Amino acid sequence: MMKESKALDVRNVAVAFDDKPVLKNINFTADKGEFIGIIGPNGAGKSTLLKCLRGLIPKTSGEVLFSGQSIHQLADKQLAGIVAYMQQGVNVSFGFSALEIVLTGRYPYLNWWQSESKDDYAIARKYMEFTGVSELEKVPVQNMSGGQRQRVLLAKVLTQETPIIFLDEPTASLDLLYQEEIFDHCKKICLDGKTVLIVAHDLKLAAKFCTRLILLTHGEVVADGLPQFVVTAENLEKTYGLHSAVFVNKVTGHLDIHTYAAATISTNPTVHIIGGGGTADQLLRHLHEKGYNLSIGVLQQGDTDADVAAAFGVESILSSAFTEFSLEAINSNKEKIAQAEMVILTNLCFGQLNLANLVAAFSAKQLIIIEDLPIEQRDFTQGAATKLYKKLVESSNVTVQTTTDFLEKT
Amino acid sequence: MSSGVIKKQILLGVMSIVLITMCAISISWGQVQVPIADTITILLKNMGITDTLQGVEQAEEAVIWHIRTPRVFIGVLTGAALGVSGAVMQGIFSNPLADPGIIGVSGGASLGAVLAVALGLSAQSLYYMPLFALGGALLAVGIILLLAMRKGEIPVMVLLLAGVTVSMFMGALTSGILTFMNENSIREFLFWTVGGLDNRRWEHVHLAAGPVIFGVIILCCMARHINVIVLGEEEARSVGVPVAKLRMGLLFLVTLTTATAVCVSGSIGFVGLIVPHIMRLLLGPDHRTLIPASGIAGALFLICCDLIGRMILPGSEIRVGIITSLVGAPYFLYLLHRMQKGALH
């Protein structure tokens, strides 16, 4: 009974506008220090969820508890001392200055007859410094750029000094730099033990900064958990109707998303690619997006082609790096080649380690050789590869094309 | 706190001094010219501060104390009420074009006044017309609020539309009653629709002083809350402002204050609209200075307009409601023009 209650506990919450359900059966809890991104396509109910949890719109059923206390037991000001809420696209009229706006965050702590004290001013200025808008104190908010305004409003929300903070698309219409900055501020706030719920449009940013994501669609929670388990190709297809590849970008180290239009062919012919060293990425992307049923091999572990294949969910036959291919890998590669309706040999460089790939190409029923550079320039086996290659080219079931030709025709 | 606040306080102080000076001038100036020194002697004696009336004629005392002083008092009360109410209305609706008229105060008061005339009550006691006007104003605002209320909330747009509609409806009733009245009664009513400060007596001051002073003081005290409400309903609620309740309370106070003012002076246009505007341009949007400043400036504006109305035509006077509209309308159009250019929001 006396177990420490969750900062936020949402139980079976539902919301309907004019009998049209907008949120259904929402259940989740949030702990101190969590930075939760609420993502989902337009109209999924993200903003409605925040407003409902903040008590700004009535729910049709369910319960919302803050540290074990029902939202209905809390008076207006008490609630404002627990949750701060930054709404989407605030329109500040009448020329109020930044400091005046930020000071409104102290409202819950003042009696109705009181004015803000020196301490209130100090608190407001502290958070304006944190979000980097100190020098804008006297500037009317309506004269500010979008980035400055959002940082002023963030300072206001922080000035409310609540354990829980709701932000409804604070980065909408901001430049990339400012978007990152807002997320970065939030991350710091969470490290101080606050709980932040943010409605985010940008999946990459949300995945990069948030400790947890909640994916909504049609008013229901589809996925809830660590970013890498929520932002998956399958979930994106289900909710956004997007065809995508989700992968860890090796340059940034963060989740990245590549999206494309739906497949154009319906027969899904099987194609095996013999590639490696980055020679296959373009082909993989192109053929996968067209809807071909792909496999690739043999690749060394850590090869960029292997990463691309993984991102698209293409089966790849792997072997450890810097040694000759394992017998097992060579055999399964041959098997795939024999089964495939079409095999593509990319514009590979050949050395002792991957010569087996060239040999395997002989088992193909139908072979397309991509040749952007003459084999002599790609041969690092003192002629052995060239000899094999020339023999291969002469076979009857083989066509030779450049990458450009191939991509245009297929 | 900062130099800005001190500057604002100085400006408020200067405005108060100018207001008091203008009041003194307004009392001493007129068809019967009374020197300022004598005016002050009469005022001090009648306020019970001194008890001599050396060298002052009795007729002068009557003019100063029984005609001009209540006139100026009514002017100050009405001007302050309209200025303060205008500032508050613009604040709670986050709309720079709002004024008490749009929630039906004038329309309701007119209907009440015309009823008092039609029933012949206005001839019996001078209290009847103001009380009927007050009742009409409160009734109109009440109906509008009931119409606009949705689940305990008042959407601003609905309120404005309901206000316009009910005002027009009451206007139609007023005109309808007017068609059945004789010429004398129509004159009496028309006299009321164009607000004026002439023939106001101490009875009027006693009637209006309580509610207006009470309303103005409370509204000034609520300034910080209005600062938050201006930012919009959701923004205000998210910092814990009980927006719906507060808005209702403020609307009630605004109605009480303006209806009381209107009922003793007749309807006076544009004060509630342009005075808060000018003050906002001068002092910024903070209602803690804006509201009291609008009160002082409203009183000053009305006293000056009244003085102009008495000065322009020797031998007769132009009613103050005409002067305020003549001065206010062009200025308001100028504001609209600036707003179209995006200089105001």
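## Close-up views of a predicted two-chain model

**View 1. The neighbours of Gly215(B).** Leaving aside residues up to four places away in sequence, Gly215(B) touches Ala81(B), Leu253(B), Leu256(B) and Thr257(B). Keep in mind, here and in every view below, that this is a predicted model. Gly215(B) is found in helix H8 of chain B, which covers residues 202-221. Is Gly215(B) buried or exposed? Gly215(B) has 25 other C-beta atoms within 10 Å, and a residue counts as buried when that number is 20 or more, so Gly215(B) is buried. To get a feeling for distance, look for Glu183(B) as well: Gly215(B) and Glu183(B) are 32 residues apart in sequence, and their C-alpha atoms are 37 Å apart in space.

**View 2. Chain B, a chain of helices.** Now step back to the whole of chain B, which has 14 helices and zero strands. Written along the sequence, the pattern of chain B is α-α-α-α-α-α-α-α-α-α-α-α-α-α. Chain B has a radius of gyration of 21 Å, close to the 20 Å that the globule rule gives for 345 residues, so chain B is as compact as a globular protein of that length. The C-alpha trace of chain B spans about 65 × 60 × 40 Å along its principal axes. How many of the 345 residues of chain B count as buried? The share is 50%. Among the contacts in chain B with a separation of 6 or more, 75% are between residues 24 or more positions apart.

**View 3. Chain A and its overall dimensions.** Chain A contains 16 helices and 18 strands. Its radius of gyration is 29 Å, whereas a compact globule of 410 residues would have one near 22 Å. Along the principal axes, the C-alpha atoms of chain A fill a box of roughly 95 × 45 × 40 Å. Of the 410 residues in chain A, 43% count as buried. For contacts in chain A with a separation of 6 or more, residues 24 or more positions apart account for 66%.

**View 4. The two domains of chain A.** Chain A is divided into domain 1, residues 8-257, and domain 2, residues 270-409. The C-alpha centres of these two domains of chain A lie 48 Å apart. How many residues of each domain are in contact with the other? Five residues of domain 1 of chain A are in contact with five residues of domain 2 of chain A. On the domain 1 side, strand E11 of chain A (residues 243-248) gives the most, with three residues. By class, that side of domain 1 has four nonpolar, no polar and one charged residues.

**View 5. Strand E3 of chain A, covered on both faces.** Zoom in on strand E3 of chain A, residues 35-39. Why is E3(A) largely enclosed by the rest of the structure? Five of the five residues of E3(A) are buried, so the strand is largely enclosed. On one side you will find Phe35(A), Gly37(A) and Ile39(A), and on the other Ile36(A) and Ile38(A), all of them buried. E3(A) pairs in the parallel sense with strand E8 of chain A (residues 195-199) over four bridges. Four bridges also join E3(A) to strand E9 of chain A (residues 212-217), again running parallel. Ile38(A) is a handy residue to follow here: its bridge partner in E8(A) is Val199(A), and its bridge partner in E9(A) is Ile214(A).

**View 6. Helix H11 of chain A and what covers it.** Helix H11 of chain A takes in residues 304-311, and Asp305(A), Ala306(A), Val308(A), Ala309(A) and Ala311(A) are buried there. Which elements cover these buried residues of H11(A)? The cover includes E11, helix H10 (281-290), strand E14 (293-300) and strand E15 (315-319) of chain A. After H11(A) comes Gly313(A), with a positive phi near 70 degrees.

**View 7. Where chain A meets chain B.** The last view brings the two chains together: the contact takes 26 residues from chain A and 22 residues from chain B. On the chain A side, the elements giving two or more residues are helix H2 (76-80) and strand E6 (83-86) of chain A. H2(A) gives the most to this side, with four residues. The chain A residues that make up this side divide into 13 nonpolar, nine polar and four charged.

Methods. Residues are numbered from 1 along each chain as its sequence is written. Chains are lettered from A and ligands numbered from 1 in the order in which they are written. This is a predicted model: local features need pLDDT of at least 70, side-chain atom pairs count only at pLDDT 80 or more; totals for chains, interfaces and linings use all residues. Two residues are in contact if their C-beta atoms, placed from the backbone, lie within 7 Å. Ala, Val, Leu, Ile, Met, Phe, Trp, Tyr, Cys and Pro count as nonpolar, Asp, Glu, Lys and Arg as charged, and the others, Gly among them, as polar. Domain bounds come from an automatic or database domain assignment. A residue is buried if 20 or more other C-beta atoms lie within 10 Å of its own, exposed if 12 or fewer, and partly exposed in between; C-beta atoms are placed from the backbone. The radius of gyration is taken over C-alpha atoms; the globule rule is 2.2 Å times the number of residues to the power 0.38. Two strands pair if DSSP finds at least two bridges between them.
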